[in-house]
Number of protein chains: 2
Amino acid sequence: MSLDTGAEALARLAEERVDHRFKGLPPDAEGLTVGELAAQRRNLFSGGFATPVLALSAERLEHNLALMETYTERHGLAFAPHGKTSMAPQLFRRQTDRGAWGIALAVPHQVRVARAFGTRQVFLANELVDAAALRWTAAELERDPDFRFICYVDSVRGVELMDAALRPTGASRPVDVVVELAAGEGARTGVRTEAECAAVADAVAGAETLRLVGVAGYEGEVPQADPDRVHAYLRRLVALAVEFDKAGRFAGLAEIVVSAGGSAWFDAVADVFAGIPELSVPVLKLLRSGAYVSHDDGRYREVTPFNRVPEEGALEPAFRLWAQIVSRPSPEQAFANAGKRDAAYDLDLPFAQVIRRAGTERPATGVSVTGLSDQHTWLRTDPGADLEVGDWIGLGLSHPCTSFDKWQLIPVAEADGTVVDYVRTFF
Amino acid sequence: MSLDTGAEALARLAEERVDHRFKGLPPDAEGLTVGELAAQRRNLFSGGFATPVLALSAERLEHNLALMETYTERHGLAFAPHGKTSMAPQLFRRQTDRGAWGIALAVPHQVRVARAFGTRQVFLANELVDAAALRWTAAELERDPDFRFICYVDSVRGVELMDAALRPTGASRPVDVVVELAAGEGARTGVRTEAECAAVADAVAGAETLRLVGVAGYEGEVPQADPDRVHAYLRRLVALAVEFDKAGRFAGLAEIVVSAGGSAWFDAVADVFAGIPELSVPVLKLLRSGAYVSHDDGRYREVTPFNRVPEEGALEPAFRLWAQIVSRPSPEQAFANAGKRDAAYDLDLPFAQVIRRAGTERPATGVSVTGLSDQHTWLRTDPGADLEVGDWIGLGLSHPCTSFDKWQLIPVAEADGTVVDYVRTFF
């Protein structure tokens with residue numbers, strides 16, 4: 001797929017009709033195209049939007065995109081922001097326009113989405129042994145010489161399955177793979193020992209359909225993670241690359257890929273990758289952080305590396321979920337009309353942040369979220385908390401990945417509420 | 001919207017293109033219409049579907065639909081199956097074709113979806129004070145004389161907000177409302193006391209834009225629910241209807257609505273509603289159970305009323321999520337490629353049920369799910385458990401509502417794996 005085809009596909013998103021598929025959008029916008037609705041620059045609070053509605057902050061999104069561009073540049077890292085977070089091709093494009101190497105993804109379906117919108121370089125941070133998906137990948141590599149695709153391997157059997165699925169395709173280009181080194185005993189996927197890594201690399205070398213291009217891992221799964229343990233794991237990963245290189249496993253490559261980096265330890269990745277020694281060919285030091293794009297008001301606010309390196313900047317939470325108080329059955333309780341269908345709830349419950357009534361916004365003092373039903377927010381109110389049926393409540397969220405995935409078309413609003421864009425997601 | 005328009009909209013679902021929007025579907029089906037793909041009757045296991053893929057059992061779906069049709073008929077209940085569970089207009093249609101009165105829903109966006117596909121009678125089991133949604137509702141009632149719409153009220157302020165939003169529309173038809181009686185102190189929405197119910201009903205009587213048509217509640221939120229407490233609450237609900245009727249609050253109606261019933265206590269609803277005395281006009285005894293359509297292998301298997309009345313039948317779990325083992329890093333661990341994006345996880349983790357390898361299916365003996373990442377299933381394997389990279393694992397799920405909402409197009413497969421239909425959801 002050429003860049004132009006991707007740009008066309010992105011442009012076509014603005015031609016989609018606003019209808020029953022997209023919750024939260026103004027019912028009276030039915031039949032307009034997304035582009036026409038955006039051009040109306042409606043206000044999120046007075047423009048006919050229905051609750052619940054999730055909104056992204058235009059300014060904060062831009063700030064976060066710029067901050068990680070600067071951060072990765074400063075640290076000499078290539079960047080494949082993890083696209084599984086947003087699954088929003090418009091954001092993928094903004095990320096690559098800002099110099100990202102490409103997009104990291106987690107499963108083949110996500111690769112199809114990225115490819116449909118012109119992403120040229122994909123790092124699939126997962127094992128891939130699905131025959132149907134491998135056939136599709138081989139065909140896509142064949143069709144587009146500019147498509148670069150890399151995925152994990154962590155077992156000899158996995159290599160054999162890949163080869164068995166790819167051989168019948170007769171594809172001329174091998175599939176590039178990196179050996180995944182596990183983050184420790186009991187951690188997630190990945191080869192547990194360096195000896196096994198060598199065995200997997202041997203298997204790759206024996207498969208004509210595959211090409212070993214580097215090593216990768218995910219420090220976010222280091223057991224009992226702390227800076228020392230995370231650094232130690234990342235040094236093991238680098239040492240594996242060095243050892244593989246010395247063994248001639250990367251002979252003939254133009255570059256060697258070394259990849260790590262979620263959203264909690266990219267400072268450690270920057271540190272350790274800065275110390276990668278000179279190898280036989282240049283090293284692509286590929287960071288894969290994804291949650292930064294929206295950041296959050298919960299887990300990622302707590303674990304962001306910028307807490308350790310505040311001099312390098314700070315991410316800003318870009319999501320706010322707006323719900324309406326529909327019931328106030330007692331002085332201690334209130335209920336809003338957003339639930340598990342609308343808000344992330346896997347890491348923390350939403351946070352009551354602000355109340356809007358008659359155009360005025362104030363802190364949600366004395367109001368807290370105690371639970372979510374499928375379609376209700378349970379709120380506890382302290383004595384004297386001023387909360388009425390009809391009020392809008394602005395909720396902060398924890399976990400970008402499970403916030404994006406509940407909304408297919410997300411208004412992007414400026415600070416004064418003007419909605420300037422709509423972000424389409426594909427989950 | 002006429003019935004025909006709804007049928008046309010349903011037919012158009014078969015004309016949608018299979019593409020990157022729909023995960024799990026065969027990559028080589030790209031560009032086919034959904035109807036063309038269905039006509040190919042591909043096999044779920046050998047027809048090129050990519051993992052993870054959620055499938056519905058054709059036979060079990062049919063069984064569950066038939067069972068609740070029979071059950072409600074036998075007990076003299078009208079049925080508004082809760083559509084929030086599936087948000088699948090094709091299933092709504094199968095439900096109303098089987099005699100359901102209409103569809104229950106939870107938020108206005110869901111009403112728009114149902115209306116786009118021709119649902120004529122909607123019971124919104126929630127308060128509705130959103131001005132934009134009320135304007136849309138009023139316009140829809142005006143546009144289609146066959147559209148019947150009922151929603152909750154539980155506060156005088158809510159009634160005032162509804163009236164304020166509806167008055168400027170100049171609509172000729174009032175919005176029908178029922179007073180929601182809360183299931184107890186500390187329960188969810190709903191008026192806490194009978195005295196307050198009367199005050200809310202007085203407010204409705206004073207609002208020209210609203211019409212009081214009955215009472216409703218949700219016994220699923222009875223605190224420390226047991227059969228006695230649930231029966232007691234439902235008797236309070238019936239007594240409220242009787243009291244309102246005696247007070248002349250339903251004068252001029254053709255029928256009085258009394259509604260309750262989730263998926264855990266519909267036997268109690270059948271019992272208590274069978275004892276509703278004769279009122280001034282006939283009573284529409286409206287049951288709202290929704291989870292029955294797919295049932296599940298977890299919470300709903302535990303709480304289904306059929307466990308108490310086995311002589312009336314048994315629901316069958318209709319979902320199975322198929323994922324692929326992508327990593328087997330140690331004798332104790334394995335990882336599949338389905339995660340929080342694919343499986344419900346709010347009530348229970350998925351259940352490892354069966355393993356498929358080379359066309360053979362066997363029980364997943366010694367394999368259990370210990371966690372979900374965004375895109376991974378964590379599996380623990382007992383010594384000797386036969387599980388390899390490449391195997392497919394069939395997972396049972398807990399909670400229909402949070403299973404449906406992770407899939408936009410769900411293959412419906414017969415017992416031998418033949419996919420005969422695709423169910424589209426709108427969340």
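## A friendly note on chains A and B

1. Asp297(B) is buried, with a relative accessible area of 11%. A word before going on: this is a predicted model. Asp297(B) pairs with Arg301(B) in a salt bridge, and their closest N and O atoms are 2.7 Å apart. Arg301(B) counts as partly exposed, at 43% relative accessibility. Why does Asp297(B) count as buried? Its relative accessible area is 11%, and buried means under 20%.

2. Let us move to how the two chains meet. Chain B gives 72 residues to the contact, and chain A gives 72 residues too. About 5,900 Å² of area is buried between them, with carbon and sulfur atoms giving 51% of it. Three residues are worth finding on the chain B side: His20(B), Arg112(B) and Arg341(B) supply 13% of the area that chain B buries against chain A, more than any other three residues.

3. Which residue of chain A forms a salt bridge with Arg341(B)? The partner is Asp405(A), and the closest N and O atoms of the pair are 3.0 Å apart. Between chain B and chain A, the count is 10 salt bridges. There are also 42 residue pairs in polar contact between the two chains, with both residues at pLDDT 80 or more. Several elements of chain B each supply at least two residues to the side that touches chain A, among them helix H5 (108–116), strand S4 (121–127), helix H6 (131–143) and strand S10 (319–330). Sorted by class, that side of chain B has 27 nonpolar, 23 polar and 22 charged residues.

4. Another pair across the chains is Lys84(A) with Asp374(B), a salt bridge whose closest N and O atoms are 2.9 Å apart. Lys84(A) sits in the loop between strand S2 (78–79) and H4 of chain A, while Asp374(B) sits in the loop between strand S14 (367–372) and strand S15 (377–381) of chain B, so the pair joins two chains. Are these partners buried or exposed? Lys84(A) counts as buried at 17% relative accessibility, and Asp374(B) counts as buried at 7%.

5. For a pair within one chain, look at Glu62(A) and Arg94(A). Their salt bridge has its closest N and O atoms 2.9 Å apart. Glu62(A) belongs to helix H3 of chain A and Arg94(A) to helix H4 of chain A, so the pair ties together parts that are 32 residues apart in sequence. Glu62(A) is partly exposed, with a relative accessible area of 35%, and Arg94(A) is partly exposed as well, at 27%. Beside Arg94(A) in sequence, Arg93(A) is also in helix H4 (residues 89–97) of chain A, but Arg93(A) is buried, with a relative accessible area of 15%. Over all chains, the structure holds 70 salt bridges.

6. Now a charged residue that goes without such a partner. Arg192(B) is buried yet has no salt bridge. Why not? A salt bridge needs the nitrogen and the carboxyl oxygen within 4 Å, whereas the nearest side chain of opposite charge, Glu185(B), is 4.3 Å away. Arg192(B) lies in the loop between strand S6 (175–180) and helix H8 (194–205) of chain B. Its side chain does find backbone oxygens: that of Arg188(B) at 3.1 Å and that of Gly190(B) at 3.2 Å. Beyond its neighbours within four places in sequence, Arg192(B) is in contact with residues of both chains, including Pro329(A), Gln333(A), Ala182(B) and Arg236(B).

7. Finally, compare two helices. In helix H10 (residues 266–274) of chain A, seven of the nine residues are buried, so the helix is largely enclosed by the rest of the structure. Phe266(A), Val269(A) and Phe273(A) are among those buried residues. What do the buried residues of H10(A) pack against? Their packing partners are helix H3 (58–74), helix H9 (227–246), strand S8 (256–260) and strand S9 (283–287) of chain A. In H5(B), nine of the nine residues are buried, so this helix too is largely enclosed by the rest of the structure. Those buried residues include His109(B), Arg112(B) and Arg115(B). After H5(B) comes Gly118(B), with a positive phi near 85°.

How values were computed
Residues are numbered from 1 along each chain as its sequence is written. Chains are lettered from A and ligands numbered from 1 in the order in which they are written. Side-chain values use heavy atoms; hydrogens and water are left out. Buried means under 20% relative accessible area, exposed over 50%, partly exposed in between (1.4 Å probe, protein chains only). Helices (H or I, at least four residues) and strands (E, at least two) are DSSP runs, numbered from the N terminus. Contact means heavy atoms within 4.5 Å. Lys and Arg count as positive and Asp and Glu as negative; His and the chain ends are not counted. A polar contact is a pair of N or O atoms within 3.5 Å; within protein, one must be able to donate a hydrogen and the other to accept it, and residues adjacent in sequence count only if both atoms are side-chain atoms. Buried area is the accessible area (1.4 Å probe) that two parts lose on being put together, summed over both. Ala, Val, Leu, Ile, Met, Phe, Trp, Tyr, Cys and Pro count as nonpolar, Asp, Glu, Lys and Arg as charged, and the others, Gly among them, as polar.
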